[in-house]
Structures are given as C-alpha cells and as structure tokens.
Amino acid sequence: MKVEFCSFKPMHDEIKNKLDEAYSRVLNSNYFIRGSECEQFEKEFATFCGVKHCVGVGTGLDAIYLILKALDIGAGDEVIVPSNTFIATALAVSYAGATPIFVEPTLETFNIDTTKIEQKITAKTKAIIAVHLQGRMADMDEVNRIAKKHKLKVIEDAAQAHGAKYKGYRAGSLSDAAAFSFYPGKNLGALGDGGCVVTNNEQLASKVRALSNYGSDYKYHHIYKGTNSRLDELQSAFLRAKLPYLDKWNNYRRKVAKKYIQGIKNPLIKLPLLSNNIYEHIYHVFVVRCSKRDKLEKYLNENGILTVKHYPVPMHLQQAYADLGLKKGDLPIAEEISNTVLSLPMFYGITDEQVNFVIETINNFKG
C-alpha cells in the first residue's frame with residue numbers, strides 16, 4: 001500500500017462545484033485585485049477568528065513583516081521568536097530591520113517555553129512572536145502576561161493554526177495582531193500563495209492595508225514607504241469556498257490524530273499531545289519523535305509511507321543566520337527536535353485502512 005504524505009484530492013473533490021463557481025465568478029467579474037471577493041473573505045475570516053479586522057496579503061511571511069512595520073518595529077529593536085519554527089518567522093523580523101532573539105521550545109509541545117522568555121528580554125525588546133506550531137496554540141495566557149509586564153507587543157504566527165483554539169478562543173484573537181498563511185498545504189489553503197493579518201485594532205489594520213498597497217491609503221496617495229502584497233480575487237474566492245468546511249476538515253484531522261495516538265505502541269516513538277478542551281489542536285502536521293529518526297524515515301518510505309521532516313536544520317544553524325554568531329549546542333532543545341522529528345501522513349480524506357497501515361508498520365519498526 002502507498003500512503004501519500006498529503007493529498008488535496010479528497011478535499012477538493014468534495015467542493016469541486018463550489019471551486020468551479022468561485023473561478024467563474026471571478027473570471028466573469030473581470031476584477032482581479034482588491035475587489036468584492038477579497039472584501040467578503042476578509043469579513044468572513046475575521047468573523048471566523050472572532051476579531052474585528054482582517055487584511056488579505058500576499059503570503060504569511062508578508063503578514064508578519066507588515067505587522068512589525070505597522071507597529072514601527074525596526075532597526076535596533078529585538079523580537080522574541082521561538083527557536084523551533086519555520087524560518088519565515090525569523091525572516092520577517094530581519095526584513096523589518098530588527099533582530100530575532102531565539103527562545104527554546106518545550107519538548108512536550110514544540111512551542112515556545114514561556115519560562116525562558118523573560119531571561120531573553122532586554123531594553124531593545126519590542127515584541128514576542130508566539131508561533132502556534134503544527135496546529136497547537138502556544139500558552140497565550142502566559143505570553144500575554146509577560147508581554148504586559150514588560151510593555152511588549154504580542155504577535156501570533158498562526159500560519160499553521162487555522163481554526164485552532166486556546167481556552168475556547170480561536171487562533172488570531174489573543175494578540176495585538178496575528179499572521180496567517182494560505183499556502184496550499186495549510187488546513188485552509190488557497191490554490192496558490194496568500195496570507196492575511198487579523199486584529200482588533202482598527203488603526204493597525206488600516207496601516208497594514210496601506211503598507212501592503214504601496215503605502216497608499218487611496219489611489220496615487222502614498223503615506224508610507226510600502227510594498228506590494230495583496231490577496232488576489234481568485235484566491236479569495238477559493239478561500240471563501242473552503243472556509244465553511246474548515247471546522248469539519250479539522251475535526252477529521254483530530255480523529256485521525258486520535259487513532260494514531262491510541263494505536264501507535266512502539267516504545268521508540270514519542271507521540272504528540274492529544275487535543276483537549278484547553279488546546280484544541282488542528283494537527284496541521286502530525287509529528288512524532290524518534291532517536292532513530294533517519295532509520296524510521298527510510299523504513300516507512302520503503303514500505304510506501306511518505307513522510308517529511310519539519311524541520312531538519314534549526315534556524316540558528318542555517319547559513320542565513322550565521323551572522324547571529326550562534327553555534328551548535330547553543331539551543332539544544334531546538335537541535336534535539338530537529339534531529340528527531342518526523343511527520344506522518346495527515347490530511348482530510350486519509351482512509352481508516354491507510355491510517356491502520358501506518359500504525360501497524362510503525363509498531364513493527366525495530367530500529
């Protein structure tokens with residue numbers, strides 16, 4: 001049996017008529033940038049997240065960058081970033097002209113260890129970026145408590161957390177502003193690149209909107225040195241077609257995750273935490289840890305089960321961040337995670353037969 005790591009087919013087949021309608025609607029409108037589709041999606045996604053404002057932008061990386069710029073964070077400033085995340089989180093800080101300061105995660109959650117944040121705060125620190133990695137939200141009560149104590153801004157990187165909840169609140173609603181990516185592989189994915197910023201701050205939303213449109217508040221009137229980062233009409237229409245199904249698709253992922261967690265009994269495999277009433281995980285990816293990860297990866301691939309490593313090289317050891325002067329051993333938890341993680345197949349529509357095959361194959365792994 002072959003089990004793909006991810007497949008969009010079951011999801012897209014289910015709503016093909018709605019996707020076709022969305023495409024036809026945009027094509028027939030002859031309006032492709034900042035029209036009614038984007039405007040309506042922004043309203044619908046803001047409502048979904050439980051916030052007042054949503055601004056569609058080009059990518060998730062752009063979304064973080066634009067938030068930082070709108071908060072006037074730049075050269076000479078420092079921003080707290082989890083050491084275990086996709087590099088886009090740190091790149092946005094760098095693009096804004098600030099310096100990312102890496103804080104270790106916990107092995108249990110993969111998210112930022114809030115007990116280690118304060119020791120990294122200096123007079124230059126301006127914000128904390130809380131990444132909701134793999135679909136599980138960070139400890140936002142503690143992040144916000146620390147931020148309030150030190151008068152810092154809080155930004156959620158919710159690129160992997162569409163629809164996730166913390167104590168009943170949706171990702172995106174527990175910060176000064178939050179960034180989402182609509183890369184096709186996300187739980188709410190476009191059919192191309194896309195992203196957005198959500199916030200309850202009207203002034204911040206207006207500034208992000210202007211910054212993302214060449215710094216313009218209205219045509220040919222430029223109040224900032226902005227950029228071009230806009231969510232186009234076609235992707236907005238596709239996202240509108242998908243959004244009503246997101247909770248259903250996330251619940252499916254939770255059921256698959258529960259089967260994995262209850263079924264995998266191999267002592268060599270360390271499993272992620274099960275979703276609960278405090279942390280409603282959406283399992284953007286299902287990540288296990290294994291001290292013999294490379295052997296496990298080879299074994300699963302040879303048995304037709306495709307996997308991905310998220311992420312094999314931690315940010316502080318990437319050549320792009322050599323200028324920070326960090327070396328191997330400086331962030332041991334991030335390194336431990338990078339050396340042991342492996343993501344198993346997880347997608348809406350994966351069958352019970354496929355899930356059971358993955359479980360059986362992993363349980364037979366001897367190392």
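Visitor: Why is the sulfur of Cys49 too far from the closest cysteine sulfur for a bond?

Guide: A disulfide is a pair of cysteine sulfur atoms within 2.5 Å, and the sulfur of Cys49 is 6.5 Å from its closest counterpart, in Cys196, so no bond is made. This is a predicted model, where local features need pLDDT of at least 70 and side-chain atom pairs pLDDT 80 or more, while totals for chains, interfaces and linings use all residues. Residues are numbered from 1 along each chain as its sequence is written, and side-chain values use heavy atoms, without hydrogens and water.

Visitor: How do you know that Cys54 is in no disulfide?

Guide: The nearest cysteine sulfur, that of Cys196, is 3.8 Å away. Searching the whole structure finds zero disulfides.

Visitor: What makes Cys49 count as buried?

Guide: Buried means under 20% relative accessible area (1.4 Å probe, protein chains only), with exposed over 50% and partly exposed in between. Cys49 has 2% relative accessibility, so the word buried applies. Cys54, at 4%, counts as buried too.

Visitor: Why do strands E7 and E12 stand at the edges?

Guide: The open sheet runs in the order E7-E6-E12, with antiparallel pairing. Strands here are DSSP runs (E, at least two residues), numbered from the N terminus. E7 (169–170) and E12 (279–280) each have a single partner strand, so one side of each lacks a neighbour in the sheet.

Visitor: How do you know that E6 and E7 pair?

Guide: Pairing needs at least two bridges found by DSSP, and E6 (residues 165–166) joins E7 over two, in the antiparallel sense. Within this pair, Lys165 stands opposite Arg170 in E7.

How values were computed: Helix = DSSP H or I, 4+ residues; strand = E, 2+ residues; numbered from the N terminus.
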